[in-house]
Amino acid sequence: MADKIAKLRIDDSEYDLPVMSPTQGPDVLDIRKLYGQADVFTFDPGFTSTASCESKITYIDGDKGELWYRGYPIEQLAAKSHYLEVCYLLLYGELPTQQQMEDFETRVTRHTMVHEQMHNFFRGFRRDAHPMATLVGVIGAMSAFYHDSTDVNDPWQREVAAIRLIAKVPTIAAMAYKYSIGQPFVYPRNDLDYASNFLHMCFSVPAEKYEVDPALARAMDRIFTLHADHEQNASTSTVRLAGSSGANPFACIAAGIACLWGPAHGGANQACLEMLREIGTVDRIPEYIAKAKDKSDPFKLMGFGHRVYKNFDPRAKVMKESADEVLDLLGIKDNPTLQVAKELEKIALEDPYFIEKKLYPNVDFYSGIILEAMGFPTSMFTPIFALSRTVGWIAQWKEMIGDPQNKIGRPRQLYVGNDKRDYKDVAAR
Ligand code: ACO
């Protein structure tokens, strides 16, 4: 029962809309019965005022610049936790005990290898394919390799699919990278932690010994943690919508990866670094700032702005610190891309256009700088985001499947097309 009721008046009729109160955040009007009662739809392209589900996983306060996973602030998790612990928290709702953590780590590491036949599957792709293109295809193909975890009505299969995805996506992302540069695939090493293993699979070659730098592994782990979930963003909503029809989890995550690829979403990290390179030198920044402000020019400053954060992106704050640490560690000081990034950040933060529109650097602005310093090509930035977000997608998908209110997602539309008309034979057109 809702505590409050909102009234909606249309002509002479009045309708009661129950007001739902969340643990945090603004109240939510329950319009589920509105169409049945009043024969009207609501119109909200981009879902700027619409909650599509109930969720207990992640909370964002865009005005205060806050992000919590299961109630824990992201800053605390980034400083004190590690990615696999965050995965456990997102999936099961609580921080694990020592024993629970060990069991979870064992389960994940035992699933890091992929079916050997997948190697052949990879070979069907062109070498110059973007790793995101390969990732979408191979993750989708997981449902062809792991039939025994595709029954969404079986809780055990859902659990196995979740573990398989978290364990295998890094292996597949690293394989996509190795394939694109013509190097042999590197098998996972289960004696390494999650982030170190990913670096090992990306950067080691059979001909040489490779030692993972623990400081770089920590920075990698932090990138994973900061991207792990972000409530009902475009890709997560895509996963939920795909899953609402009962599609298997591998197909749903492939759908999420496809959505993430766009430059307005996860593709922004690649687009941002490419933009910084295109700007090239500090003296060209004003030209690009002017382009970003020009309404007749579609150009946007990549890595700036966010649908929800209108104060600052708390992930960007942590990521900026991490970027400074990594660059320090690697002794990178006068990199031209970095100089452009620093100056652009400064100028944009002081510019009235960006201040008025509340456009701040987002997480993608800094993550690209770290990933480039680590040696990743820009084409790997979005696959790394996808890898990190897989746990969020799967936690949200599991929550949806277990939700008794779950229905197939099916938005309505405001039809503005032609009225009914009669078919004309071609001679009469
Ligand atoms: N550069 C210049 N102007 C911008 C930018 C930008 N990066 N972002 C928004 N604006 C302007 C818009 O033109 C608009 O101006 P107007 O009010 O005069 O029409 C105003 O700011 C509001 O922007 P919207 O596009 O309406 O905001 P929305 O919430 O729809 O979009 C988004 C948010 C997609 C992130 C947008 O800011 C953007 O495209 N940024 C660049 C891409 C990017 O960095 N994406 C990463 C997002 S974070 C993530 O996915 C992890």
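I take a salt bridge to be a side-chain nitrogen of Lys or Arg within 4 Å of a carboxyl oxygen of Asp or Glu.

**Basis.** I am working on a predicted model, in which local features need pLDDT of at least 70, side-chain atom pairs count only at pLDDT 80 or more, and totals for chains, interfaces and linings use all residues. Residues are numbered from 1 along each chain as its sequence is written, and side-chain values use heavy atoms, with hydrogens and water left out.

**Salt bridges.** I searched the whole structure and obtained 19 salt bridges. I then looked up a network of them, which links Arg107, Glu159 and Lys398. Within this network, I found the side chains of Lys398 and Glu159 joined at 2.8 Å, N to O. The pair links distant parts of the chain, with Lys398 in helix 18 and Glu159 in helix 7 (residues 155-181), 239 residues apart. For helices I use DSSP runs of H or I with at least four residues, and for strands runs of E with at least two, numbered from the N terminus. I checked the exposure of the pair and noted that Lys398 and Glu159 are buried. My classes are buried for under 20% relative accessible area, exposed for over 50%, and partly exposed in between (1.4 Å probe, protein chains only).

I looked up two further bridges. Arg315 pairs with Asp313, the closest N and O atoms being 2.9 Å apart, and both Arg315 and Asp313 are buried. Arg9 pairs with Glu14, with the closest N and O atoms 3.3 Å apart. Arg9 counts as exposed at 54% relative accessibility, whereas Glu14 is partly exposed at 44%.

**Helix packing.** I examined helix 6 (residues 131-145) against helix 18 (residues 381-401), and they pack at an angle of about 35° with their axes 8 Å apart. The axes are lines fitted to C-alpha atoms, for helices over the stretch in contact, and angles run from 0 to 180 degrees between N-to-C directions. Pro131, Met132 and Leu135 of helix 6 meet Thr382, Pro383 and Ala386 of helix 18. By class, I recorded five nonpolar residues, one polar and no charged in the contact of helix 6 with helix 18. The classes count Ala, Val, Leu, Ile, Met, Phe, Trp, Tyr, Cys and Pro as nonpolar, Asp, Glu, Lys and Arg as charged, and the others, Gly among them, as polar.

**Val108.** I located Val108 in helix 4 (residues 98-109) and found it buried, with a relative accessible area of 1%. Leaving aside neighbours within four places in sequence, Val108 is in contact (heavy atoms within 4.5 Å) with Leu84, Ile163, Ile166, Ala167 and Tyr194. I noted that Val108 and Tyr194 are 86 residues apart in sequence and 9.0 Å apart in space, C-alpha to C-alpha.

**Backbone.** I recalled that most residues other than glycine have a negative phi. Asp11 has a positive phi of about 55° although it is not a glycine. Asp11 lies in the loop between strand 1 (4-10) and strand 2 (13-20), and it counts as exposed at 68% relative accessibility. Glu231, also not a glycine, has a positive phi of about 40°. Glu231 sits in the loop between helix 9 (214-226) and helix 10 (234-243), and it counts as partly exposed at 23% relative accessibility.
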